[in-house]
Amino acid sequence: MPREDTTMATRQTRTLARFMMAPSVILLLFWMIVPLAMTVWFSFLNYNLLNPGNVSFAGLFNYRFFLTDPAFVQSIWNTLLLVLGVLLITVVGGILLALLLDQPIFGQGIVRILVISPFFVMPPVAALVWKNMIMHPGYGVFADIAKFFGAQPIDWFAQYPLLSIIIIVAWQWLPFATLILLTALQSLDSEQKEAAEMDGANFVNRFIYLTLPHLARAITVVILIQTIFLLSVYAEILVTTNGGPGYASTNLPFLIYRTALLGYDVGGASAGGVIAIILANIVAFFLMRAVGKNLDR
Amino acid sequence: MARAISTRSKIGWTFAAWAVALIIFFPILYTVITSLKTEPEAIAGFNLIPSFTLENYVEVQTQRDYFRPFMNSVIIAVGSTLLGIIIAVPAAWSMAFSPTHRTKDILMWMLSTKMMPAAAVLVPIYLLFRDFGLLDSRIGLTLMLMLINLPIVVWMLYTYFREIPGEILEAARMDGASLWGEIWYVLTPMAVPGIASTMLLNIILAWNEAFWTIRLTTTNAAPLTAFIASFSSPQGLFWAKLSAASTLAIAPILIMGWFSQRQLVRGLTFGAVK
Amino acid sequence: MKLKTLVLSLCSASVLAFAAHAETITIATVNNGDMIRMQKLTDDFKAKNPDIDLNWVTLEENVLRERVTTDIATKGGQYDVMTIGTYEVPIWAKQGWLLPLDDLGADYDAADIIPAIAGGLTADGKLFAAPFYGESSFVMYRKDLMEKAGLTMPDAPTWEFIGEAARKMTDRANDINGVCLRGKAGWGENMAFLTAMSNSFGARWFDEKWQPQFDQPEWKNTLDFYVKLMNDAGPAGASSNGFNENLALFQQGKCGMWIDATVAASFVSNPKDSTVADKVGYALAPDNGLGKRGNWLWAWSLAIPAGTQKADAAKKFVSWATDKAYLDLVASKEGWANVPPGTRTSLYNNAEYQKAAPFAKMTLDSINSADPNKPTVKPVPYVGVQFVAIPEFQGLGTTVGQLFSAALAGQSSVDDALAQAQSVSVREMTRAGYIK
């Protein structure tokens with residue numbers, strides 16, 4: 001049943017399709033182009049919000065200034081590490097959790113509810129809770145556990161600032177990954193599973209040759225959606241480390257945030273924004289190439 | 001024989017699953033527990049048994065009325081979701097059933113609009129909102145959140161609609177159904193679960209959006225994110241009060257999520273599950 | 001369809017709720033205790049001004065600052081009264097964004113405002129913001145631990161004494177740290193403390209030609225002293241501790257000394273929250289005998305944006321909230337200990353207040369010993385004790401704060417941190433056109 005044949009009905013459908021796509025495309029065009037045009041325009045200006053009387057044309061200076069920021073290279077690196085780290089934890093953890101929850105257990109409904117709950121917590125609240133109640137080396141839960149075992153509490157945000165943030169963000173996104181993978185797992189034909197068991201395939205082999213390929217598409221969805229959100233994480237950083245110590249936890253969105261809302265440097269932040277969009281699109285392009293095929297079946 | 005083993009292993013799996021689930025849930029549980037402590041108790045180190053005081057909730061409510069930001073959150077989250085669905089359904093439908101070689105590009109482009117860093121466009125957006133008189137208005141915020149989430153909504157619906165077999169549409173066409181009839185009578189019933197779960201996800205995303213909802217509001221339209229921001233990090237002890245405020249802000253969406261988790265799961269899989 | 005009905009009825013209900021008002025002014029404030037108390041006293045203002053309604057926006061400090069700055073700079077017109085700090089006032093006044101407050105009514109005793117505080121809020125001889133509460137910083141210490149260490153805290157200690165006392169008081173086996181200081185990166189966090197501290201070491205941010213001074217020995221001495229002191233006698237996790245984290249530690253009895261805002265005194269001496277309430281002593285911030293002490297000056301103040309349509313109502317409110325009568329009002333309802341401190345000389349002459357607040361004299365002395373117009377030993381081109389009142393400071397201060405917190409966390413050396421701070425500052429200042 002090819003969907004693109006050339007009957008009259010289809011041509012009519014085609015026209016209608018354009019018509020129906022129009023509202024969202026036009027809205028998004030407007031939504032994207034107006035602020036983007038303003039951002040691009042501002043990025044060529046010397047424009048500090050606190051000194052609006054003194055706006056002048058800057059050429060490419062803002063771009064050069066942003067690209068040579070001492071934190072820039074590390075912020076790109078941190079952005080990638082953050083995205084990859086969280087993806088790794090949530091995908092691997094999500095698969096393991098999904099496998100676990102797929103077993104016959106008592107109170108499955110309640111367990112599932114507990115596992116998905118972190119997804120409903122607002123990011124700044126999650127960061128505050130983790131920073132002060134869980135990870136604080138003086139009165140956090142981790143410190144209490146360490147002391148209980150007679151170990152020296154870990155000073156998370158000083159020693160492992162980026163890892164700490166990865167943990168917090170991964171906690172927020174783990175439920176999302178688990179949910180998708182769990183439902184995908186449950187859709188796996190039980191007859192197929194049993195057949196594989198009959199053939200004498202052990203757990204590991206069944207997982208590699210049967211389960212994992214079945215999960216490929218769900219994993220792709222997890223990666224795509226999460227990447228979009230993870231590329232713009234900044235609230236957790238702001239609440240916990242403020243990008244420090246040094247630039248150890250400064251990522252690109254935080255760098256732009258610092259330029260825009262601490263420096264009030266509208267020109268510089270706009271240049272940073274344009275750079276971020278370009279980089280994000282490059283990432284998206286490669287991502288689509290790498291995993292997009294899984295979506296086509 | 002098989003039964004006995006499976007009961008034993010079921011107990012084992014149950015134990016493991018509950019342990020993991022409780023660890024994941026722990027930060028939330030601890031927030032709720034902390035909200036029932038006094039302020040000095042809250043910083044006194046690990047303690048799972050609070051003094052069950054409700055003073056934090058009383059204090060939070062007298063300091064800032066909960067009802068208005070709650071209503072704003074509901075209106076903005078539900079409003080932006082309904083609006084987004086109305087706009088996105090036709091677009092996703094046409095992309096799924098009359099794809100052209102550009103469909104994928106359009107989808108990708110839509111998603112890429114989400115990658116604009118919010119802080120970089122704050123000033124342009126603020127200026128636009130000021131000029132259109134949308135600052136601190138529920139309409140402005142509803143539009144804003146609808147636009148932010150529209151790409152995700154279109155994308156989810158698109159992948160969901162693609163699961164609907166084309167043969168059904170062909171059959172409907174043979175029977176002489178008009179195009180609108182096709183959508184209304186054939187497609188919609190099959191798509192309802194997908195639409196419902198898309199809506200749920202969108203409500204959660206809108207509820208938790210904490211950049212624009214704080215930056216574009218003052219009082220009239222301020223939702224629960226702003227409510228939280230008024231309890232976070234003042235000078236002095238605030239953990240118990242913040243925990244109480246957080247519990248209040250999370251509770252509605254958590255309860256909604258609990259009741260609708262099955263729906264949510266179906267949409268989140270993007271049709272990966274048949 | 002049930003949902004739709006629900007939504008519609010909710011919409012209409014809320015429209016009704018916000019319709020029909022007299023004149024309403026919108027006030028933006030931080031969520032600190034004194035402002036929350038002011039909010040609770042709204043009824044008193046309403047009784048005196050029945051034709052004015054108050055709309056409160058309470059936010060945490062950083063978010064509030066972003067909100068009001070964006071709004072005033074883009075002329076968004078969302079607020080009629082803004083709570084701003086000593087940092088913003090000179091910058092905003094220069095831009096002409098604020099209404100001068102020289103006519104707050106006949107009863108408003110402007111001469112009673114503590115001169116050091118008024119000085120920071122005045123530009124071109126005009127007051128541009130009325131102080132709501134003011135603070136400096138000083139040393140809070142545990143009398144019992146000091147005694148145990150065999151030392152006596154002088155009223156005006158030196159850094160040398162603080163260093164010695166901190167090391168002697170430290171007892172890590174019992175979870176007692178000699179000194180707790182801010183370490184979390186941020187211009188209003190660790191840099192507020194370190195900039196004020198550096199003043200007493202003879203350091204400065206910029207010389208008269210706006211050349212950054214982090215390559216000078218005074219800054220090296222400051223940062224060296226700070227990092228070593230914190231390594232020897234500071235708490236774990238110091239590099240992510242700000243005001244509130246240290247407050248929690250001190251109240252839990254885990255700090256021997258804490259050098260921070262004077263308003264903290266009312267928290268640590270409050271037996272309801274603090275386990276060490278009856279053991280706290282106070283002293284001036286330390287010095288090095290160079291003529292400047294390491295204490296800052298800050299005042300949360302009410303200002304009126306120049307664009308407001310409701311200037312008269314706004315002025316009535318500002319006058320009500322910062323007047324002497326307001327102090328009496330708070331005292332009558334909540335007791336003298338809860339009166340907003342640090343704004344009026346008359347409060348410190350009040351015997352009842354002195355009795356309720358044992359730290360009153362030390363607070364006033366601290367405030368009086370800070371001079372935002374002449375903050376450093378060597379001359380500087382800027383105003384501000386723990387900040388530099390230029391628009392670029394928030395961003396630059398936060399970056400430098402990140403670098404210094406790395407030195408505290410042991411992730412970079414003091415020399416590296418200073419070298420990086422220097423090059424970052426030169427870069428930013430050149431870009432902003434200060435360095436020609």
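**Chatting through a predicted model**

Student: What happens to pLDDT over residues 1-6 of chain A?

Tutor: It stays under 50 there (pLDDT is the predictor's confidence in each residue, from 0 to 100), and the model has seven contacts beyond four places in sequence for that stretch. A contact means two C-beta atoms, placed from the backbone, within 7 Å. This is a predicted model, where local features need pLDDT of at least 70, side-chain atom pairs count only at pLDDT 80 or more, and totals for chains, interfaces and linings use all residues. Residues are numbered from 1 along each chain as its sequence is written, with chains lettered from A and ligands numbered from 1 in the order in which they are written.

Student: And where in chain A is confidence highest?

Tutor: In helix 3 (residues 72-101), at 93, while helix 14 (residues 293-296) is lowest, with a mean of 64. Helices here are DSSP runs of H or I, at least four residues, numbered from the N terminus. Chain A averages 82, and 89% of its residues score at least 70.

Student: OK, new topic: how many residues does each chain bring to the contact between A and B?

Tutor: Chain B brings 80 and chain A brings 82. On chain B's side, helix 1 (residues 2-35) gives the most, with 17 residues.

Student: What's that side of chain B like by class?

Tutor: It has 57 nonpolar, 17 polar and six charged residues. Ala, Val, Leu, Ile, Met, Phe, Trp, Tyr, Cys and Pro count as nonpolar, Asp, Glu, Lys and Arg as charged, and the others, Gly among them, as polar.

Student: Last one: what does M257(C) touch?

Tutor: Not counting residues up to four places away in sequence, its partners include V139(C), M140(C), Y141(C) and I162(C).

Terms used:
Helices (H or I, at least four residues) and strands (E, at least two) are DSSP runs, numbered from the N terminus.
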